[in-house]
Amino acid sequence: MAFLSTTKALLQQARVLLVGSGRMGNIRAQCIFSNPRLEFSGIVDENPVAAKPLADVYRTKHFTSLLEAIHQSEQPIDGIVISTPTPTHASLINTAASHNISIFTEKPVDETSSQIQTLFNTVRTHNVALSCGFQRRFDPSYQALYDTIHSGGIGSPLTAHIFFGDHPVPSRQFLLQGGGNIISDCSAHDIDYIRWVLGDEVETVFAVGTSSDEELEEAGVIDNATVVMKFMKGTVVTLTLSRGANYGYDQRCEVFGTDGMASIKNIAENSTELCNATGVHRPKLQHSFPQRFQFAFEREIDAFADTLVLGKPWPITEDDCIAVQRVSDAALESCESGQVVNLTKEDHLVGIV
């Protein structure tokens, strides 16, 4: 891989560009800036209105294109972090790879499994890393559940129930202009996680969805859905997704097995509890995903530093990325057709770690 020079490896610091200055870009910027093994070399965004102030906050440069940033950088760039909409990923990945720059990208790598495979083939040709972010694998609670299952803590898994309740509800404009379908937008993280936990592949998928009001229904926007997945070893998993958890960011997972049950609970804004004559009063859940997964995002970027500085393999493989996309696509197909979708043997990929 095209990792750091010997001198830079000894210093344990890599030069990294951030591409994108939106919601995820702001999260990634903080993580890059606070990581002592990364040198924040600039923010790339064609829109200076958001990018320039963000660059000023972190005392770095703003560039309007990735090529501009690469050509104007005083020292070679070692990695980029892509936090832009999915349709832009392929061009950015190809540009970075052709300049021997390793890549971290938000999920999914691309919109189709075939294009994901093509992009991994491209980075292999250029001998650089392509790292896709699935932050649940880096969260302590989600990791602890994985360890419990893999140490035999609940015996053989029989069923699992996952609940994703988004908060705050996205803007009406976002829902109506392409970001609305909750299966395609939000299922990937939990599909990746439960595959990893179970060490197994999905055999069949059935999904059903609904729209919470007439405007969304007329626009064909599904903002609530349930996906039922049967895995090859027999475990049945239900994944419920909703845009409307008005009480806070609701993320739960429980796995039931032959010898017990293990679960991930929600995290509240604080741990204060009031008990009085009117009852027991607890705080709301954390506001949204930046708060709930802040530590996971930091660990994710630190793992990318491991890849850049030490040459460590990224824990989410090409096969993982393709398999998750195929299951998500199957869920969307099932929701539209009302039929169970069977994944063929060709859909089942090795490489679950």
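Trainee: Leaving aside its neighbours within four places in sequence, with which residues is Gly257 in contact?

Mentor: This is a predicted model, in which local features need pLDDT of at least 70 and side-chain atom pairs count only at pLDDT 80 or more, while totals for chains, interfaces and linings use all residues. Residues are numbered from 1 along each chain as its sequence is written, and side-chain values use heavy atoms, with hydrogens and water left out. Gly257 is placed in strand β11; strands (E, at least two residues) and helices (H or I, at least four) are DSSP runs numbered from the N terminus. With contact meaning heavy atoms within 4.5 Å, the partners of Gly257 beyond that sequence window are Ile154, Ser156, Pro157 and Leu158.

Trainee: Is Gly257 buried or exposed?

Mentor: A residue is buried under 20% relative accessible area, exposed over 50% and partly exposed in between (1.4 Å probe, protein chains only). The relative accessible area of Gly257 is 3%, so Gly257 is buried.

Trainee: What separates the C-alpha atoms of Gly257 and Gly153?

Mentor: Along the chain, Gly257 and Gly153 are 104 residues apart. In space, their C-alpha atoms are separated by 8.8 Å.

Trainee: Which strands stand at the edges of the open sheet of 7 strands?

Mentor: The sheet has mixed pairing and the order β12-β11-β7-β10-β9-β8-β15, where two strands pair if DSSP finds at least two bridges between them. An edge strand has a single partner, so one of its sides is left without a neighbour in the sheet. The strands in that position are β12 (260–264) and β15 (341–342).

Trainee: At about what angle does helix α7 run to β12?

Mentor: Helix α7 (residues 140–150) packs on the sheet and touches β7, β11 and β12. Axes are lines fitted to C-alpha atoms, for helices over the stretch in contact, and angles between N-to-C directions run from 0 to 180 degrees. On this scale, the direction of α7 makes with that of β12 an angle of about 165 degrees.

Trainee: Which residue in β9 stands opposite Thr204?

Mentor: Strands β8 (residues 202–210) and β9 (residues 224–231) are antiparallel and are joined by 8 bridges. Within β9, the residue opposite Thr204 is Lys230.

Trainee: Of which hand is the β-α-β crossover from β1 to β2?

Mentor: Strand β1 (residues 14–19) runs parallel to β2, with 6 bridges between them, and the chain passes from one to the other through helix α2 (residues 23–34). A crossover is right-handed if, with the strands pointing away from the viewer, the path from the first strand over the helix to the second runs clockwise. The crossover through α2 is right-handed.

Trainee: From which helix does the largest share of the largest nonpolar core come?

Mentor: A nonpolar core is a set of buried Ala, Val, Leu, Ile, Met, Phe, Trp, Tyr and Cys residues joined through side-chain atoms within 4.5 Å. The largest has 98 residues, and Ile80 and Ile103 are among those with the most contacts inside it. Its largest share, 8 residues, comes from helix α13 (residues 294–310).

Trainee: How many disulfides does the structure hold?

Mentor: A disulfide is a pair of cysteine sulfur atoms within 2.5 Å. The sulfur of Cys186 is 13 Å from the closest cysteine sulfur, in Cys335, and is therefore too far for a bond. Cys321 is also in no disulfide, as the nearest cysteine sulfur, that of Cys132, lies 4.2 Å away. The number of disulfides is 0.
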